[in-house]
Amino acid sequence: MAETNTSIKSSRQLRCVYSFADKVKSFPGLARRATWKVGKEDPRRVVHALKVGMALTLVSLLYLMEPLFKGIGKNAMWAVMTVVVVMEFTVGATLSKGLNRGLGTLLAGSLAFLIEYVADAPGRIFRAVFIGVAVFMLGAMTTYVRFIPYIKKNYDYGVLIFLLTFNLITVSSYRIDNVWNIAKDRMSTIAIGCGLCLVMSILVFPNWSGEDLHNNTITKLEGLANSIQVCVMEYFYDSAKQATEDDSSEDPIYEGYKAVLDSKANDETLALQASWEPRCSRYCHRIPWHQYARVGAALRQFSYTVVALHGCLQSEIQTPKSISTLYKDSCIRLGEEVSKVLRELANSIRNKRQFSPQTLSRNLKDALQDLHSALKSQPQLVLGSRNGRTQTPKTAVQAVPHPHPDQKLEEDTKFSFSSVRNGSRGSGCQSVEHSRELTRKVLRPQMSMSAIISLEFSEALPFAAFTSLLVEMVAKLDYVMDEVDELGIIAHFEEFQGDEIVVTCEKPNINKPQNDLPSYGAE
């Protein structure tokens, strides 16, 4: 028994060793693929990595070269730390951190020297008490100020640097006599580091936060347009649904609205960073980056209906083709009009040109009226008929004349009540059981008919939900159009000329399952 346990333990240890060896062997391949994937997704990441390396090399010369080291001293390391902390991927983020760090250091140094001047006159004991009180009050006030939403959003890093620099200079001044040289070197090295970061970010292959926000908004509009178009096509064509199921790793519908739902934090960050960038629109007007964030919020509200529409494809109960085919053309037309409007909004932002809300609304209204007319002309959706399934009980009832179920139930009930009254003395319990049995015999056929009718109606409910979501989508699309129109007015886009809208988009060929569905999802 002991030998068996020993052999089992040894085999487990061998398996663990082999598993660890396999992981070690496969690690270089995994690292290589992950590195290649990160660079392939956005080649600007490679350029940014090279820029950071170049900036660190240049700032290290302050410490490596003897003449520069003698001029600045050991505090040259603060410049290296500044480059590591301040250098960000976009110009807006670098400007935000650099200006916050520089302004916080300057204000903290000025206030620290003022306190040093006041505390130096009376004596050493009073100086220690005064420094302690000043540190306590400034620390408490600065920390409390960081909870203010506006300060937390825009200047949190600057307030943190202010607190750090103030305490460093103020506390050091009690033991070090020549604290002015330390503060001067610190401020000069931080200024060198921030300046180098700004030069590298703005002049060497700059990545603008506003441009990223602009392109992301366009990508989200086009991704939603593609998701709606493919979703409507898949609902009426089994070939498209089968093609998507075969290639479930990349679902164009899911990728389209997922990029919108996950964009809240990214949009707010990019809008905040873009507000620091020195960029203007036509006629030197400030670009309203906050309006881009509002467009993103409207798109997220709109994308919820796309998620629900996608859920109709995955419903367990599906509407029979005999019903959905009657409204196929109207629903496809409405879906194409919604996609067309979204692509027109994307082109409007891309070309910085205003659009015509009246023309887009008119086309949507015509498509809605077409769907409304189709629904009114076909009552089969409400009845839920399916290839004459409900006709069988009717013909059976007409062939064999039976009394009405209510009449039969009334007669049987009267009979049971009379039997109860007549035999209440001798067989009361048997009469009650007999009446219950008769009631069950009458109710079972009625329950069967109700089950058939409810089954037919439940099969029609998914299509009713699908059409109602299409109509709801048009209603929410108005909010997106209003926000984009407001963006065009505030940003002074070019005025719309002409009443004709041309949107270049290819209709996916649903009848060919071997072709992949097009994807306009956000990267």
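So, 38% of the 523 residues in this chain are buried, where buried means under 20% relative accessible area, exposed means over 50%, and partly exposed is in between, with a 1.4 Å probe and protein chains only. Before I go on, a word on the source: this is a predicted model, so local features need pLDDT of at least 70 and side-chain atom pairs count only at pLDDT 80 or more, while totals for chains, interfaces and linings use all residues. Residues are numbered from 1 along each chain as its sequence is written, and side-chain values use heavy atoms, with hydrogens and water left out.

Okay, the overall picture. The chain has 21 helices and zero strands; those are DSSP runs, H or I of at least four residues for helices and E of at least two for strands, numbered from the N terminus. If you take the contacts with a separation of 6 or more, 82% of them are between residues 24 or more positions apart, a contact being heavy atoms within 4.5 Å. On the outside, the chain exposes about 30600 Å², and carbon and sulfur atoms supply 60% of that. That area is from the Shrake-Rupley method with a 1.4 Å probe, and for residues only the protein chains shown count as cover.

Now the inside. The largest nonpolar core has 60 residues. By nonpolar core I mean a set of buried Ala, Val, Leu, Ile, Met, Phe, Trp, Tyr and Cys residues joined through side-chain atoms within 4.5 Å. The residues with the most contacts inside this core are Phe 302, Val 338, Leu 342, Phe 466, Leu 477 and Val 480. Seven helices get a mention here, as each supplies at least two residues of the core: α10 (209-236), α12 (252-261), α13 (264-274), α14 (289-313), α16 (328-351), α17 (357-377) and α21 (428-490). Which of them gives the largest share? That's α10, with twelve residues. There's also another core apart from this one, of 15 residues, among them Val 59, Ala 79, Cys 197 and Met 200.

Let me walk through a few residues. Take Leu 342 to start with: leaving aside neighbours within four places in sequence, Leu 342 is in contact with Leu 221, Leu 224, Ala 225, Ile 228, Phe 302 and Leu 477.

Then Ile 349, in helix α16. Ile 349 counts as buried because its relative accessibility is 0%. With neighbours within four places left out again, Ile 349 is in contact with His 214, Thr 217, Ile 218, Leu 221, Tyr 292, Val 484, Leu 487 and Phe 493. Ile 349 and Asp 485 are 136 residues apart in sequence, and their C-alpha atoms are 9.7 Å apart in space.

And a polar one, Ser 303, in helix α14. Buried or exposed? Ser 303 is buried, at a relative accessible area of 0%. Beyond neighbours within four places in sequence, Ser 303 is in contact with Leu 224, Tyr 257, Val 260 and Leu 261. Leu 261 is 42 residues away along the chain, with 7.2 Å between the two C-alpha atoms.

On to the rings. There are ten aromatic pairs in the structure. The rule is that rings of Phe, Tyr and Trp (its six-membered ring) pair if their centres lie within 6.5 Å; planes under 30 degrees apart are stacked, over 60 edge-to-face, and the rest tilted. Phe 162 and Phe 166 count as stacked because their ring centres are 6.3 Å apart and their planes are at 15 degrees. These two are four residues apart in helix α8 (residues 156-175), so about one helical turn separates them. Phe 162 is buried at 16% relative accessible area, and Phe 166 is buried at 1%.

Phe 236 and Phe 466 make an edge-to-face pair, 6.0 Å centre to centre with 85 degrees between the planes. That pair links distant parts of the chain, with Phe 236 in helix α10 and Phe 466 in helix α21, 230 residues apart. Both are buried, and ring pairs link them with Tyr 235 and Phe 463 into a cluster.

Last bit: charges over rings. The charged end of Arg 186 sits over the ring of Trp 78, 3.9 Å from its centre, and that of Lys 97 sits over the ring of Tyr 157, at 5.5 Å. The cut-offs are NZ of Lys or CZ of Arg within 6 Å of the ring centre and within 35 degrees of the ring normal.
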